[in-house]
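Colleague: Mind if I ask a few things about this one before class? I'd like to see the reasoning along with each answer.

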Amino acid sequence: MKLSTREIILCGLFAALISVFAQISIPLPFTTVPLTLQIFGIAITGLILGSKCGFIATLIYLVLGGIGVPVFAQFSAGVGVLFGPTGGFLLGYPLMAFIIGYTKEKFNSHILTAVSMVVGLAVVYAFGTIMFSFVTGNTIMQSLLYCVVPFVLVDLLKLVLADIIGETVCKRVFSTLNFN
């Protein structure tokens with residue numbers, strides 16, 4: 001797979017953007033999963049960069065955090081975070097970006113793209129719930145109640161906002177600069 005200089009720069013830029021969104025974080029007293037804007041950042045990344053670059057940008061984000069750069073929520077980092085209670089959510093991010101980007105590229109349908117955002121979120125929730133359950137010893141139902149149910153509404157609102165902003169950026173900026 002060969003990337004152009006522009007694609008490499010955009011992947012790095014969006015990895016940095018996701019890192020910034022991760023720091024907009026509100027710890028919640030009833031769960032180890034903080035409320036962040038990472039889902040928003042991943043959705044924007046998939047919408048704007050597409051499947052290949054969106055996937056790579058999120059992988060860069062994970063690699064940076066995995067090697068110790070404090071890019072995860074609340075300036076955390078390390079392999080322990082990736083394989084800790086909230087690691088499954090992080091590991092689901094590249095798939096979410098890929099699903100959103102692929103659907104937007106392949107079908108160019110606003111409705112299907114919106115559906116793909118929800119599907120991508122469901123993938124993140126599935127990875128996160130399974131990892132959380134495995135690491136903490138909770139049942140899947142307990143894990144869902146603990147780290148998914150409290151976030152569903154807020155995450156859906158983030159997706160709506162990402163859709164609005166992502167579509168605007170794609171239409172106005174990229175078409176003007178001939179990025180696609």
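**Questions about the helices and loops**

Colleague: N108 has its place in the loop between α4 and α5. What is its phi near?

Modeller: First, this is a predicted model: local features need pLDDT of at least 70, side-chain atom pairs count only at pLDDT 80 or more, and totals for chains, interfaces and linings use all residues. Residues are numbered from 1 along each chain as its sequence is written, and side-chain values use heavy atoms, leaving out hydrogens and water. The helices (H or I, at least four residues) and strands (E, at least two) are DSSP runs, numbered from the N terminus. N108 comes just after α4, and its phi is positive although the residue is not glycine, with a value near 45 degrees.

Colleague: Is N108 buried or exposed?

Modeller: Buried means under 20% relative accessible area, exposed over 50%, and partly exposed in between, using a 1.4 Å probe and protein chains only. N108 has a relative accessible area of 63%, so it is exposed.

Colleague: Which loop holds F75, and what is its phi near?

Modeller: F75 has a relative accessible area of 59%, so it counts as exposed. It sits in the loop between α2 and α3. F75 is not a glycine, yet its phi is positive, near 55 degrees.

Colleague: How far apart are the end C-alpha atoms of helix α4?

Modeller: The expected span of a helix is 1.5 Å times one less than its number of residues. Helix α4 covers residues 87-107, which is 21 residues, so it should span 30 Å. The model agrees with that, since the end C-alpha atoms are apart by 31 Å.

Colleague: Where does α4 bend by about 30 degrees?

Modeller: The bend at a residue is the angle between two fitted axes, one for the seven residues ending there and one for the seven starting there. A proline, P94, follows within four residues of the bend. The place where α4 bends by about 30 degrees is Y93.

Colleague: Which helix gives the largest share of the largest nonpolar core?

Modeller: A nonpolar core is a set of buried Ala, Val, Leu, Ile, Met, Phe, Trp, Tyr and Cys residues joined through side-chain atoms within 4.5 Å. The largest one here has 42 residues, and those with the most contacts inside it are Y61, F72, L90 and M96. Helices α1 (5-23), α2 (38-66), α3 (79-82), α4, α5 and α7 (152-177) each supply at least two of its residues. The largest share, 13 residues, comes from α2.

Colleague: What do the buried residues of α1 pack against?

Modeller: In α1, the buried residues include L10, C11, F14 and A15. There's a general pattern to keep in mind: an α-helix has 3.6 residues a turn, so residues three or four places apart point the same way. The buried residues of α1 pack against β1 (25-26), β2 (35-36) and α2.

Colleague: Which residues is A15 in contact with, leaving aside its neighbours within four places in sequence?

Modeller: Contact means heavy atoms within 4.5 Å. A15 is found in helix α1 and has 1% relative accessibility, so it counts as buried. Its C-alpha is 6.1 Å from that of I60, although the two are 45 residues apart along the chain. With neighbours within four places set aside, A15 is in contact with A57, I60 and Y61.

Colleague: And I56, how far is its C-alpha from that of C11?

Modeller: I56 is in helix α2, and its relative accessible area is 16%, so it is buried. Beyond its neighbours within four places in sequence, I56 is in contact with M1, L3 and C11. I56 and C11 are 45 residues apart along the chain, but their C-alpha atoms are separated by 6.5 Å.

Colleague: At what angle do the axes of α5 and α6 cross?

Modeller: Axes are lines fitted to C-alpha atoms, for helices over the stretch in contact, and angles run from 0 to 180 degrees between N-to-C directions. Residues T129, I130, F132 and S133 in α5 meet I140, S143, L144, Y146 and C147 in α6. The two axes come within 9 Å and cross at roughly 115 degrees.

Colleague: Which residues does S133 touch, not counting those up to four places away in sequence?

Modeller: S133 is found in helix α5 (residues 110-136). With a relative accessible area of 12%, it is buried. Not counting residues up to four places away, S133 touches N138, T139, I140 and S143.
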